[in-house]
Structures are given as structure tokens and as C-alpha cells.
Amino acid sequence: MSKPASRHTLGSDLARVDAHRIKPHEYKELPELTDEMLGRAVINKGGRPKSENPRQLISIRLPVEVIEKWRATGPGWQTRMAEHLARIPTPRSKSTA
């Protein structure tokens, strides 16, 4: 896995770039925005896509030992715990009939 680029590895002077202010004569170099250009624009809201099966937040108290055992299995332990719980058969309710 490669390391993310930093200011020093990029070899750029970000402080100088950040300090630059556009001068009036530089605006002449910018192209005129047309309706066609704006029509091709795509709005990207970013973020994570909506899940078809979103998780629901609950609060549950578990013994410390249980949580420690699951955490010791490494990253993704909460997902694995949820998958394990999903495999447990649902208890049948007693009928009053």
C-alpha cells in the first residue's frame, strides 16, 4: 500500500499557491460559460450511496468479555457479529389459541 502524498513528497509550494489571489487581468483568460457548458455539468453530492438495507442504531449492553473477544477478531468485527446474529433462528412466539 503506498503512502498518501504529502506537501513534501509532492514538491510543491502549497503556501504560495494558497496565497495567490486572482488579478483582474487574469479573468480575461477564463472562458465564457455558455448554456451548453452548464447543461453538461454534473452535480456530484459526494458521500456514500444510500443503502437498500440500512442499519438501525440500537443500544445493547453486553459483557465486556464478549466485546473484547469480538474486537480481538480484527477490523469488521461489528459486521461479523451482525452476520452471526442474523444466522440465529428467530424464536417462535407461543400461540394463545
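Okay, a definition to start: a pocket here is an open set of points on a 1 Å grid over the protein atoms alone, with protein on both sides within 12 Å along at least five of seven lines. Its volume is the space filled by probe spheres set on those points, which are joined across faces, edges and corners.

Now, what you have above is a predicted model, where local features need pLDDT of at least 70, side-chain atom pairs count only at pLDDT 80 or more, and totals for chains, interfaces and linings use all residues. Residues are numbered from 1 along each chain as its sequence is written, and side-chain values use heavy atoms, with hydrogens and water left out.

So, the overall picture. The chain has six helices and zero strands, helices being DSSP runs of H or I with at least four residues, and strands E runs with at least two. Of its 97 residues, 3% count as buried, meaning under 20% relative accessible area with a 1.4 Å probe, protein chains only.

Back to the pocket. The largest one has a volume of about 690 Å³. It's lined by 17 residues, where lining means having an atom within 4 Å of a point. Nearest its centre you'll find Ile58, Ile60, Gln78, Met81 and Ala82. Which helix gives the largest share of the lining? That's α6, with seven residues.

And how do α5 (64-71) and α6 (77-87) sit together? They pack at about 110°, axes 9 Å apart; the axes are lines fitted to C-alpha atoms over the stretch in contact, and angles run from 0 to 180 degrees between N-to-C directions. That makes α5 roughly perpendicular to α6, a label for angles of 65 to 115 degrees. Ile67, Trp70 and Arg71 of α5 meet Trp77, Arg80, Met81 and His84 of α6, contact being heavy atoms within 4.5 Å.

Key:
On a 1 Å grid over the protein atoms alone, a cavity is a set of points where a 1.4 Å probe fits but cannot get out, and a pocket is an open set with protein on both sides within 12 Å along at least five of seven lines; lining residues have an atom within 4 Å of a point. Angles under 35 degrees count as roughly parallel, over 145 as roughly antiparallel, 65 to 115 as roughly perpendicular and the rest as oblique. Buried means under 20% relative accessible area, exposed over 50%, partly exposed in between (1.4 Å probe, protein chains only).
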